[in-house]
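The following exercises are to be worked with the sequence and the coordinates at hand. Each task is followed by a solution in steps.

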Amino acid sequence: MQIWNWSGFFSYLINPYILNGVLTTIWLTVVSLIGGLVLGFVVALMRRSNLRLVTVFAKFYIWLFRGTPLLVQLIVIYTALPQLGIRFSVIEAALLGLALNEAAYLAEIIRAGIDAVPDGQSRAGRALGMTERSIMRHIVMPQAFKVIIPPLGNSVNGLLKTTSVTSVISMEELLRRTQVLIQEKFMVLELFAVAAIYYLLLTTLWDFVQRRIEKKFGQSTQKLSLEDQR
Amino acid sequence: MIEINQVTKWYGDYQVLKKCSTRVEKGEVVVVCGPSGSGKSTLIKCVNALEPYQEGAILVDGIEVGNPKTDLPDLRTRVGMVFQNFELFPHLTIEQNIMLAQRDVLGRSSELARKKAKGLLDRVGLADQAPKYPSQLSGGQQQRVAIARALAMDPKAMLFDEPTSALDPEMISEVLDVMTGLARDGMTMMVVTHEMGFARRVANRVIFIDSGEIVEDCPTDEFFAGNRNPRTESFLSKILNH
């Protein structure tokens with residue numbers, strides 16, 4: 001019995017079926033990230049609300065989705081909710097689970113970013129006659145953004161890998177497709193190596209993008225302006 | 001212009017303001033002084049509704065501040081405010097700091113807002129600083145920008161909350177000079193400050209607040225001439241004798 005099949009390894013490294021799985025992993029990450037950001041922003045604002053009921057709801061949401069495994073959330077959405085007559089396709093269930101889960105983490109990251117902007121900044125905006133909405137948009141968020149970017153980048157790195165969990169509800173992303181091929185061809189080590197290489201490639205690429213973004217926005221204005229002065 | 005009538009404010013069980021009443025006429029400069037924690041900053045923050053109050057009434061330009069129906073953003077554009085810690089927006093340039101609310105609140109065009117910003121920067125002596133960021137300016141320069149930013153909204157009155165307290169001594173006069181110029185031009189001003197020299201030179205009236213009560217409210221000459229309440233006397237002896 002052959003120990004390591006090089007030609008098999010290389011053929012699956014450039015294989016349309018696997019590459020399609022990689023693409024699925026990418027768009028799953030992008031779409032659930034966008035969903036998570038929008039929902040996370042809303043939950044972060046609710047968490048800071050003056051209305052107690054709204055704050056309690058936001059806290060409950062974060063507590064629930066950070067306190068249970070994504071795996072369990074996905075299985076509940078895909079296989080348990082139909083018992084109540086709520087049915088989702090595999091893609092819908094995967095996106096919903098990932099976005100709901102991601103939102104709970106992002107809400108805390110966004111809230112920390114907003115809290116990092118001193119209250120005096122909002123007060124100054126208010127004194128100029130700006131509405132709360134304008135203050136959030138033009139004064140608070142641009143400053144909070146700098147605080148949010150580094151942990152957000154880590155979150156994206158995590159999300160790229162976490163999409164693999166959706167394979168349990170038969171979402172055909174990279175891991176699922178690797179497993180399907182393994183069951184046909186029995187090249188376990190070769191195929192898992194291919195999958196690992198693609199995950200590494202994606203996270204490495206993201207690291208590169210994240211560093212570029214941090215360079216552009218993450219730096220404090222103070223550092224930037226000192227450079228201008230020279 | 002500003003009418004404060006029997007205003008009372010509580011922070012929980014603690015009474016910060018006790019039935020405070022005073023008025024500031026159009027074109028008048030009123031200095032508010034008092035020991036720290038006396039409620040003087042709280043009082044002027046009530047004037048533009050940055051702080052709510054529980055009893056009494058404040059009328060600004062005939063509009064009741066405490067009325068829930070009052071359009072607060074609209075009211076605040078008529079009353080400029082300058083803070084102890086400047087509160088310039090660090091992510092915007094000096095020029096953008098002055099343009100933001102003009103565009104966002106008054107809906108001015110970019111060109112008009114920039115022209116206004118340039119004119120005001122010139123007025124506070126900082127015409128060449130427009131493209132810089134706040135962190136590149138000294139405290140005194142930042143406070144002058146903050147004054148220009150408030151003036152850009154064409155306010156009918158200006159509130160100053162200890163505008164020189166966070167400044168190094170050598171920068172205090174450049175800010176006071178700008179404020180003096182403003183007063184000479186007829187701006188209605190309410191100024192919380194311990195700068196008694198400024199009060200003596202510029203103010204029409206001086207108010208002394210202690211423990212949330214207006215203890216003294218009289219013309220500047222009278223205030224400095226003596227015949228003061230013992231509480232005022234004790235406060236002034238502390239800040240003037242060094």
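Helices are DSSP runs of H or I with at least four residues, numbered from the N terminus. The model examined here is predicted.

**Exercise 1. Overall description of chain A**

Task: Determine how many helices and strands chain A has, and describe the extent of the chain.

Solution.
Step 1. The count gives 10 helices and 0 strands for chain A. Along the sequence, the pattern is accordingly written α-α-α-α-α-α-α-α-α-α.
Step 2. Taken along the principal axes, the box filled by the C-alpha atoms of chain A is roughly 75 × 60 × 25 Å.
Step 3. Chain A comprises 230 residues, of which 33% count as buried.
Step 4. Consider the contacts in chain A between residues at least 6 apart in sequence: 74% of these join residues at least 24 apart.

**Exercise 2. The environment of Ile18(A)**

Task: Locate Ile18(A) in the chain and decide whether Ile18(A) is buried or exposed.

Solution.
Step 1. Ile18(A) belongs to helix α2, residues 16–47 of chain A.
Step 2. The cut-off for a buried residue is 20 or more other C-beta atoms within 10 Å of its own. Ile18(A) has 21 such atoms within 10 Å and is therefore buried.
Step 3. With neighbours within four places in sequence left aside, the contacts of Ile18(A) are Tyr12(A), Arg177(A), Thr178(A) and Val194(A).
Step 4. Ala116(A) lies 98 residues from Ile18(A) along the chain, and their C-alpha atoms are separated by 43 Å.

**Exercise 3. Helix α8 of chain A**

Task: Compare the span of α8(A) with the expected value, and list which of its residues are buried.

Solution.
Step 1. Helix α8(A), residues 174–185, has 12 residues. From its first C-alpha to its last, α8(A) reaches 16 Å, close to the 16 Å expected at 1.5 Å a residue.
Step 2. The buried residues of α8(A) are Leu174(A), Leu175(A), Arg176(A), Arg177(A), Thr178(A) and Leu181(A).
Step 3. After α8(A) comes Phe186(A), which has a positive phi near 60°.

**Exercise 4. The two sides of helix α4 of chain A**

Task: Explain why the buried residues of α4(A) are on the same side of the helix.

Solution.
Step 1. In α4(A), residues 70–80, the buried residues are Gln73(A), Leu74(A), Ile77(A) and Tyr78(A).
Step 2. These residues lie on the same side of α4(A) because they cover an arc of only 110° around the axis.
Step 3. In general, an α-helix has 3.6 residues a turn, so residues three or four places apart point the same way.
Step 4. Val72(A), Thr79(A) and Ala80(A) are exposed on the other side of α4(A).
Step 5. The cover over the buried residues of α4(A) includes α3 (52–67) and α5 of chain A.

**Exercise 5. Nonpolar cores and the contact between chains**

Task: Identify which residues touch the most other members of the largest nonpolar core, and state how many residues each chain gives to the contact.

Solution.
Step 1. The largest nonpolar core has 115 residues, and those touching the most other members are Val32(B), Val47(B), Ala148(B), Met189(B) and Met190(B).
Step 2. Helix α5 (residues 90–115) of chain A provides the largest share of this core, 14 residues.
Step 3. Another core, of 8 residues, lies apart from it and includes Ile18(A) and Leu174(A).
Step 4. The contact takes 19 residues from chain A and 21 residues from chain B. On the side of chain A that touches chain B, α6(A) supplies the largest share, 6 residues.
Step 5. By class, that side of chain A has 6 nonpolar, 11 polar and 2 charged residues.

Key: Residues numbered from 1 in each chain as written. Chains lettered and ligands numbered in written order. Predicted model: local features only at pLDDT ≥ 70, side-chain atom pairs only at ≥ 80, totals over all residues. Contact = placed C-beta atoms within 7 Å. Helix = DSSP H or I, 4+ residues; strand = E, 2+ residues; numbered from the N terminus. Nonpolar A, V, L, I, M, F, W, Y, C, P; charged D, E, K, R; others polar. Buried ≥ 20, exposed ≤ 12 C-beta atoms within 10 Å, placed from the backbone. Expected span 1.5 Å × (residues − 1). Core = buried A, V, L, I, M, F, W, Y, C linked by C-beta atoms within 7 Å. Arc of directions from axis to C-beta.
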